[in-house]
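Good morning, colleagues, and thank you for making time for this presentation. Please take a moment to look at the sequence and the structure before I begin.

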Amino acid sequence: MAESSGSGGGGVPISALSLEQLGRAKESLEQETQHLVSSLQTLNGVRERFLESRRCLEALAGYRAGDRVLVPLTSSLYVEGEFTDTSEVIVDVGTGYFIRQGVGAAEKFMDRKVAFLAENLQRIQEVVNVKKRQQEALLAEMHKRILSQQQQQQQQGQSSQGPSRGGSASSSS
């Protein structure tokens, strides 16, 4: 994308872009930023689900075989169930695959996923910050150009009117 003047890098300096090009670059950056923010929200939701799963694994330690529990089928529908074995759990490892693991291994799996997501969230947030700084630079350049154009128009308007001579010319005899 466009870079600010003198920032080094392979992009075109924003000072070399026309006002129309600046507007298109701004719109593009806004769309990219919105997409990245949406991705951040999605990844954060996934991270929260892994954290909740990790908390559930910790809570599982308080249960023994034969203990009764309410099992959620939906957010508002629960059925009564009974633990048969609390030493192993079934873990969703993605794309429809499930594996049976011991609780300790499942906790480690959740910890790895949370760490991986946290790292990606940080990277994406850094990119969002860069995009926002680029947007600010584009807006500042656009504002500067618009002010410059307005000043030129005012100067042209004043110079086309010619110098004003205070009063009307009258002939005296």
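I shall go through the fold, the core, the aromatic pairs, the pocket and a few individual residues.

Please keep in mind throughout that this is a predicted model.

Let me begin with the overall arrangement. The protein has two helices and four strands. Read from the N terminus, the elements follow the order α-β-β-β-β-α, so that order is worth holding in mind as we proceed. Of the 173 residues in the protein, 23% are buried. If one takes the contacts with a separation of 6 or more, 52% of them join residues that stand 24 or more positions apart.

I turn now to the interior. The largest nonpolar core consists of twelve residues: F50, L57, L60, F83, V89, V91, V103, A106, F109, M110, V114 and L117. Which elements give two or more residues to this core? They are α1, spanning 19-60, β3, spanning 88-94, and α2, spanning 103-161. Helix α2 supplies the largest share, with six residues.

One core member, L57, shows how these parts meet. Leaving aside residues up to four places away in sequence, L57 touches V89, V103, A106, E107 and M110. Apart from the largest core there is another one, of seven residues, including I14, L17, L29 and M142.

Next, the aromatic rings. The count comes to two aromatic pairs. In one pair, F50 and F109 meet edge-to-face, with 6.5 Å from centre to centre and 65° between the planes. Why does this pair tie together parts that are apart in sequence? F50 belongs to helix α1 and F109 to helix α2, so the pair links parts separated by 59 residues in sequence. Both partners are buried: F50 has a relative accessible area of 17%, and F109 has one of 10%.

The other pair is formed by Y63 and F83. Their ring centres are 4.9 Å apart and their planes stand at 35°, so this pair is classed as tilted. Y63 sits in the loop between α1 and β1, while F83 sits in the loop between β2, residues 78-82, and β3, so the pair ties together parts 20 residues apart in sequence. Are the two partners buried or exposed? Y63 has a relative accessibility of 31% and therefore counts as partly exposed. F83, at 17%, counts as buried.

This brings me to the pocket. The largest pocket holds about 800 Å³ of space. Its lining comprises 25 residues, and those nearest the centre are C56, L57, L60, F83 and V89. Among these, L57, L60, F83 and V89 were also named as members of the largest nonpolar core. Elements giving two or more residues to the lining are α1, β1, spanning 68-72, β3 and α2. Helix α1 provides the largest share of the lining, namely seven residues. What is the chemical character of the lining? It divides into 16 nonpolar, three polar and six charged residues.

I would like to close with three individual residues.

The residue V69 is located in strand β1. It is partly exposed, at a relative accessible area of 21%; the cut-off for a buried residue is under 20%, so V69 does not count as buried. V69 and E80 are eleven residues apart in sequence, and their C-alpha atoms lie 5.8 Å apart in space. With residues up to four places away in sequence set aside, V69 touches V79, E80, G81 and F83. F83 thus appears here once more, having already been named as a member of the largest core and as one of the residues nearest the centre of the largest pocket.

The residue E141 lies in helix α2. Is this glutamate buried or exposed? With a relative accessibility of 8%, E141 counts as buried. Its contacts, again without residues up to four places away in sequence, are I14, S15 and L22. I14 is one of the residues in the core of seven residues.

The last residue is T95, in the loop between β3 and β4, the latter spanning 97-102. Most residues other than glycine have a negative phi. T95 is not a glycine, yet its phi is positive, at about 45°. T95 counts as exposed, with a relative accessibility of 76%.

That concludes the presentation, and I thank you for your attention.

Note on methods
Residues are numbered from 1 along each chain as its sequence is written. This is a predicted model: local features need pLDDT of at least 70, side-chain atom pairs count only at pLDDT 80 or more; totals for chains, interfaces and linings use all residues. Side-chain values use heavy atoms; hydrogens and water are left out. A nonpolar core is a set of buried Ala, Val, Leu, Ile, Met, Phe, Trp, Tyr and Cys residues joined through side-chain atoms within 4.5 Å. Buried means under 20% relative accessible area, exposed over 50%, partly exposed in between (1.4 Å probe, protein chains only). Contact means heavy atoms within 4.5 Å. On a 1 Å grid over the protein atoms alone, a cavity is a set of points where a 1.4 Å probe fits but cannot get out, and a pocket is an open set with protein on both sides within 12 Å along at least five of seven lines; lining residues have an atom within 4 Å of a point. Grid points are joined across faces, edges and corners, and a volume is the space filled by probe spheres set on the points. Ala, Val, Leu, Ile, Met, Phe, Trp, Tyr, Cys and Pro count as nonpolar, Asp, Glu, Lys and Arg as charged, and the others, Gly among them, as polar. Rings of Phe, Tyr and Trp (its six-membered ring) pair if their centres lie within 6.5 Å; planes under 30 degrees apart count as stacked, over 60 as edge-to-face and the rest as tilted.
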